[in-house]
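I opened this notebook page to look up how the aromatic rings are arranged, and then turned to charges over rings and to one helix.

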Amino acid sequence: MSKTETKQYEFKAEIKQLLNILVHSLYTNREIFLRELISNASDALDKLRFESNKGSAIEQKELPYEIKLDFDDKKNIITLTDTGIGMTREEVIENIGTIAKSGTSEFLKRIKENGEAASNIIGKFGVGFYSVFMVADRVELATKSFLPGEPPVVWSSDGLGSFELGEVDGKVDRGTQIKIFLKEDAKEFASKWKLEQIIKKHSNFISFPIKLDAEQVNTISALWREPKSSVKKEEYNEFYKFLSYESEEPALIIHKSVDAPIQFNCLLFVPQKNYDMFGWNRENYGLDLYVRRVLIQHKNKDLLPEYLSFVKGVVDSEDLPLNISRETLQENLIFTKIANSVTAQVLASLSQLAKDDKEKYNKFWKEHGRIFKMGYSDFANQGKYLELLRFNSSSCSDENELISFDGYTDRMKKDQKEIYYLFGAGRDAAASDPHLEIFKRKGIEVLYLFDPIDEFVMSSINKYKDFELKSADQADLKTIEKLDEVGEKQDRTDKLEKDDELHFKSLLSKMKEILGDRVIEIKESKRLHDSPACLVNQDNTMSASMQKILSIVNKETSVPKKIMEINKNHHLIRNLIRVFKADTGDKFIRDVTEQLYESSLLLEGYLTDPHKLVSRINSLLEESSGWYTKVKNI
Ligand code: ADP
Ligand code: MG
């Protein structure tokens, strides 16, 4: 074909960067360029079939839906042809070269920050076309849109800085033809054996015939439509890898055929790893929706709620009309019923896994639990959702052990009416939180939350069965006090004499005088056992960590006013009472009060300036070292 009136265009800057990486690096897995081009051809055919089902007028309607691959091992050229939807001139400009898709910068970021191999992840970011420049030093793409009367166009580029767009004289069939001029070091791809092997490996499940030398290479089968008993594990795995671009096997396979109330088949997978942890590519989820084996929509996001977005796979129904438009899917009653049923299937399969294989379920939880937790607003499935949640807790032997709400309630104390949780930066932090002391003493299990979002989740759930969820620092101590202690009463000190009780009360007033407005009130603690003091919230509306999150969100830097609780059975406080009795104005009382307050602030995460605290500790240590040497006589 000869070109007339060519015009040159610069690639968008980001695409130049992307191309630079692809052109100049040597990758072991370069063969995936073919997977990308074939998947584009398949998409183009899907789109055409969609138009056809809608009843749109189509250029050369008689052409068969297929993908053809030819090669010339003398000239080192591969030619890939599809009879898909094609592109108009404007579409070519928009789709390849001038507009960088959102995936481009994310793709670049991951390559730069993680050093991931471009060939491993390129398919996930909507920039697959450019992978051809890993093997080509020149590409010519001729395309003709399905829209009747649109002239064909030819796009060509060496993948460096620019591309050319020209018109074609001579006949071009509907669809797209890509001519790949292989690089010297990529000649091996111009071979029948090689191409066949790549197609089998990466494109076997493409639902249109892929013909090489006029022979069909791929085995077209809608695996999800086959009876479960006839599908081998390897076939599932192969299909999953094809679908998800992952290299590992899936963690869980869900293959269901549902007949009532609505007919559909689904083949779903839970990946072993969650790569979206850091919010990359959040858009890249969804299930492929088929109607009678015809792809209606890639990555439909309404078949599953977002908290199950880690699931990949296919849903196919007989009961939806073939010409359904994607825009109205959500309003379609049958579609909604399918979506609800798919969600129920996934939850049921997860429950089954939790029952059958605890270890595997825990592994699932560690990977996907963070997203799964966001399902707290799925009220329709709340029962199942709650059952599937997992936590670490004060009763677990280490940080890897996980328990469910049921595990918790089974172990609950006889008269316990609430489920308690406590937020901590980690297991050690949670375990040494002063608010936990009374629970330890009473042998009450407390769920540990390590992720700030967990607090929101817990306060939204609010209840499990008949048990209210309560943050440990907001628990009603009167009810807890009534529960039996575990083991022997292990009070470390005798009861205070009546007289000392009065001195203690005055000491508390003295301490309040010292701290002034910084605390709301200072009172005797019922919850503390090992610590001398702690801070608690005045009302029961918000837990300390929730308050912390909100103050970060609102960019508040002021320290919230709290109630300070003092443990009168702690040796330090007992000694303080003695000092106070001897001299109510002793400076030591002031120092200790300040110290207790700032230490508590530190534990709550509010101490912004540690200087005073440190210099006070230093002078207290200095003094005590003096006494120590004296006592030891050294
Ligand atoms: P993605 O396929 O994820 O959108 P690509 O970089 O592979 O990203 O392709 C970019 C776009 O170019 C496609 O979305 C499509 O609009 C267009 N395109 C690529 N190949 C073809 C083709 N064979 N037929 C029609 N359009 C195509
Ligand atoms: Mg693509």
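The entries below follow the order in which I looked things up.

Entry 1, ring pairs. I was working with a predicted model, and I began by looking up the aromatic pairs, of which the structure holds 26. I took W155 and F163 as one of them, and found the pair stacked, with 5.7 Å from centre to centre and 25° between the planes. I then looked up burial for these two residues, and both W155 and F163 are buried.

Entry 2, a tilted pair. For W224 and Y290 I noted ring centres 4.6 Å apart and planes at 45°, so this pair counts as tilted, given that stacked needs planes under 30 degrees apart and edge-to-face needs over 60. The pair links distant parts of the chain, since W224 sits in the loop between β9 (215-216) and α7 (233-244) while Y290 belongs to strand β12 (residues 287-291), 66 residues apart. I found W224 and Y290 both buried. I also noted that ring pairs join W224 and Y290 with F205, F239, Y240, F242 and F269 into a cluster.

Entry 3, charges over rings. I looked up K301 and found it over the face of Y285, at 5.3 Å from the ring centre, and I recorded R326 over the face of F50, at 4.1 Å from the ring centre.

Entry 4, a helix and its end. I followed helix α20 (residues 611-632), whose 22 residues reach 31 Å from the first C-alpha to the last, close to the 32 Å expected at 1.5 Å a residue. Just after α20, I noted that N633 takes a positive phi of about 60°.

Terms used: Residues numbered from 1 in each chain as written. Chains lettered and ligands numbered in written order. Predicted model: local features only at pLDDT ≥ 70, side-chain atom pairs only at ≥ 80, totals over all residues. Heavy atoms only, no water. Phe/Tyr/Trp six-rings, centres within 6.5 Å; stacked < 30°, edge-to-face > 60°. Buried < 20%, exposed > 50% of the residue type's maximum accessible area, 1.4 Å probe, protein only. Helix = DSSP H or I, 4+ residues; strand = E, 2+ residues; numbered from the N terminus. Lys NZ or Arg CZ within 6 Å of the ring centre and 35° of its normal. Expected span 1.5 Å × (residues − 1).
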